[in-house]
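Work through the exercises below with the sequence and the model in view. Each task is followed by a solution in steps.

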Amino acid sequence: MNTTTILVLAVFVFSQWSTAAVVPTYPTEKPKTPVIAQLLRNDYIYDNYGQFSLNYQVDDGTSQTREGTLVLNDEGDDYVLIQKGSYSYISPEGINITVTYTADKDGFKIVESTNDVPARV
């Protein structure tokens with residue numbers, strides 16, 4: 001076999017391989033239409049120092065309540081913002097999940113949860 005024959009075979013094999021790799025695949029089913037949730041409640045109150053209260057509820061079962069409060073730090077020379085609150089949602093299996101938490105100098109902690117949500121993340 002001479003060099004020209006080998007070169008022609010190599011080009012032929014490469015062209016067959018490269019065109020097969022470029023063929024796109026398409027999903028066989030249409031994507032689902034997204035459901036637009038409606039906001040039922042949205043209360044947000046805050047002050048000039050960064051403290052706040054948030055409460056919202058959506059018609060799909062999602063809700064959140066959260067408060068941010070300034071407290072004196074351990075050294076007593078400044079303030080830190082601590083938060084406490086809860087959130088709820090309905091899982092894909094139809095189970096109502098609720099988590100109550102705090103977030104302070106020691107980090108984020110789950111205080112109470114439903115349906116086997118881990119108490120420590």
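**Exercise 1.** Place Asn 73 among the strands, and decide whether Asn 73 is buried or exposed.

Solution. Step one: Asn 73 lies in the loop that runs between strand 3 (63-72) and strand 4 (79-90); strands are DSSP runs of E with at least two residues, numbered from the N terminus. Step two: the relative accessible area of Asn 73 is 17%. Buried means under 20%, exposed over 50%, partly exposed in between (1.4 Å probe, protein chains only), so Asn 73 is buried.

The model is predicted: local features need pLDDT of at least 70, side-chain atom pairs pLDDT 80 or more, while totals for chains, interfaces and linings use all residues. Residues are numbered from 1 along each chain as its sequence is written, and side-chain values use heavy atoms, without hydrogens and water.

**Exercise 2.** Find what the side chain of Asn 73 reaches, and which residues Asn 73 is in contact with beyond its neighbours within four places in sequence.

Solution. Step one: at 2.7 Å, the side chain of Asn 73 reaches the backbone nitrogen of Gly 76. Step two: with those neighbours set aside, Asp 78, Tyr 79 and Val 80 are in contact with Asn 73 (heavy atoms within 4.5 Å).

**Exercise 3.** Describe the pairing and the cover of strand 1.

Solution. Step one: strand 1 (residues 39-46) pairs with strand 2 (residues 52-58) in the antiparallel sense, over seven bridges; pairing requires that DSSP finds at least two bridges. Step two: Leu 39 has Val 58 of strand 2 as its bridge partner. Step three: five residues sit between the strands of this hairpin, where Gly 50 takes a positive phi near 100°. Step four: of the eight residues in strand 1, the count of buried ones is zero.

Terms used:
Helices (H or I, at least four residues) and strands (E, at least two) are DSSP runs, numbered from the N terminus. A polar contact is a pair of N or O atoms within 3.5 Å; within protein, one must be able to donate a hydrogen and the other to accept it, and residues adjacent in sequence count only if both atoms are side-chain atoms.
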